[in-house]
Amino acid sequence: MQVAPSLKSRFEQDGFLVIPGFKPPAEIAALRARAAAIVDAFDPAESTAIFTTKDESKTKSDEYFLTSGDQVRCFFEEEAFDASGALRQPKELSINKIGHAMHDLDPVFERFSRDPRLHELAVELGIVEPRVYQSMYIFKQPHIGGEVRWHQDATYFETEPVSVTTLWFALERADRTNGCLWVQRGGHRTPLRERFVVDDAGSRLERIDYTPWPSDDVAEPVEVEAGTLVVLHGKLPHYSAPNRSAASRHAYTLHFVDARARYAPTNWLQRSDTFPARGFVDG
Ligand code: FE2
C-alpha cells in the first residue's frame, strides 16, 4: 500500500504546496467585503504611489511604500493612470493592493489570518515559532493587473537561516487567463539571487548570485479555485503575468518567518518593540 507523502516531504521536494478548499466561502466573502470598504474609504489624492517590482528606482524614492510596514495603505496599479494622470478605471478597479499590517490592525483581516491551522501547518513545515510580518490584499485588476516578474520572496525577508514562507490564499479562481502564479517546481534549491536592502544609503535591490532566472518554458501555472491555499518556500522562483482579462484575480498573502532565525536589520519591513510581529496563535 502506498502511503501519501507528508506535506513536509512534498514541500521539501517541490518548494510549494497547493491545498484546495482551505478557506470557506463565508470567510472569503468577509475578507473581500472588508477590502472593498478600505478602498472605498481611501482618498486617492493622499498618494499616487505606484508599486512595481519592475522599476526599483520608483520604489526607492517611495517613502509611502517603505513606511507602510505597520500601516494599512492602498497602492495603485502601475497602469492605473493615463498620460494626463487621470484614472483609467474607477478607483475600486485601480488599486493594485492593500498592505502591509492588516493582519494586526484590522479585526476582519486578523480573524482570517490568525488561524490555528496555519500555526499547525508552519510547525509541520519546521517553522516552530512563526511570526507574521506582512499581509497583502492583491487585486490583480481586470485589464490592467500588473505583472510581477520572476523573484524569490526571501529577497524581501532575509533571515539566517532562510525561513520566510508565503501563504497565498485564492479569493477568486486564478488561472492563466487572469494572471495566476507560475512557479519553478524544485527551484527553491537554487541560490537566492537578490536582496532588497534598506540602510543609511537608502533602499536598493542587490544582485548577490548570478544564477539566471528560469526560462519561462519551465514555469508551471498554479491554477486554483477560490479558497485554495498555496504555500511557497522563500527561495522558490515564481512570477505572475499581467491580467488582460475582464475578470479580477483577488488573492491575500501572508509572509512569516521563524523567530529562531536572525531577522536582518536591513530588511525594509521592521517592527518596533511596541508593535511586534506575532504568530498565528497567542503565546
Ligand atoms: Fe512573491
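User: Which residue in S4 does Lys97 stand opposite?

Analyst: Happy to start there, with a note that this is a predicted model in which local features need pLDDT of at least 70, side-chain atom pairs count only at pLDDT 80 or more, and totals for chains, interfaces and linings use all residues. Residues are numbered from 1 along each chain as its sequence is written, and side-chain values use heavy atoms, with hydrogens and water left out. S3 and strand S4 (residues 130-138) pair in the antiparallel sense over four bridges; strands here (E, at least two residues) and helices (H or I, at least four residues) are DSSP runs numbered from the N terminus, and two strands pair if DSSP finds at least two bridges between them. Across from Lys97 in S4 stands Ile138.

User: And on the S2 side, what is the bridge partner of Val72 in S3?

Analyst: Strand S2 (residues 72-76) runs antiparallel to S3, and five bridges join the two. S3 itself (residues 95-100) is mostly covered, with six of its six residues buried, where buried means under 20% relative accessible area, exposed over 50% and partly exposed in between (1.4 Å probe, protein chains only). The partner of Val72 in S3 is His100.

User: Which residues coordinate the iron ion?

Analyst: Donors are N, O and S atoms within 2.8 Å of the metal (3.2 Å for Na, K and Ca), and because water is not among the atoms, sites may look incomplete. The donor residues follow the spacing H-x1-D-x84-H in sequence. At 2.1 to 2.2 Å, the iron ion is coordinated through NE2, OD and NE2 of, in turn, His151, Asp153 and His238.

User: Why does Asp153 count as buried?

Analyst: The cut-off for buried is under 20% relative accessible area. His151 falls below it at 11%. Asp153 is buried because its relative accessible area is 7%.

User: What is the strand order of the open sheet of four strands?

Analyst: Pairing in this sheet is antiparallel. Its edge strands, each pairing on one side only, are strand S5 (148-151) and strand S11 (220-222). Inside the sheet, S8 (residues 181-183) and S13 (residues 238-240) share three bridges, and Val183 stands opposite His238. The order is S5-S13-S8-S11.

User: Which residue's backbone oxygen lies 2.7 Å from a polar atom of the Thr155 side chain?

Analyst: Thr155 sits in the loop between S5 and strand S6 (159-160), and it counts as buried at 2% relative accessibility. Beyond its neighbours within four places in sequence, Thr155 has contacts (heavy atoms within 4.5 Å) that include Leu192, Arg195 and Phe196. The backbone oxygen in question belongs to Glu194.

User: How do the rings of Phe112 and Phe169 pair, stacked or edge-to-face?

Analyst: A search of the whole structure finds 17 aromatic pairs, meaning rings of Phe, Tyr and Trp (its six-membered ring) with centres within 6.5 Å; planes under 30 degrees apart count as stacked, over 60 as edge-to-face and the rest as tilted. Phe112 in helix H6 (residues 107-113) and Phe169 in strand S7 (residues 165-170) are 57 residues apart, and both are buried. Their ring centres are 5.1 Å apart and their planes lie at 80 degrees, so the pair is edge-to-face.

User: Is Glu27 buried or partly exposed?

Analyst: Glu27 belongs to helix H2 (residues 25-41). Its side chain and that of Lys23 are 2.8 Å apart in a polar contact. At 29% relative accessibility, Glu27 is partly exposed.

Conventions
A polar contact is a pair of N or O atoms within 3.5 Å; within protein, one must be able to donate a hydrogen and the other to accept it, and residues adjacent in sequence count only if both atoms are side-chain atoms.
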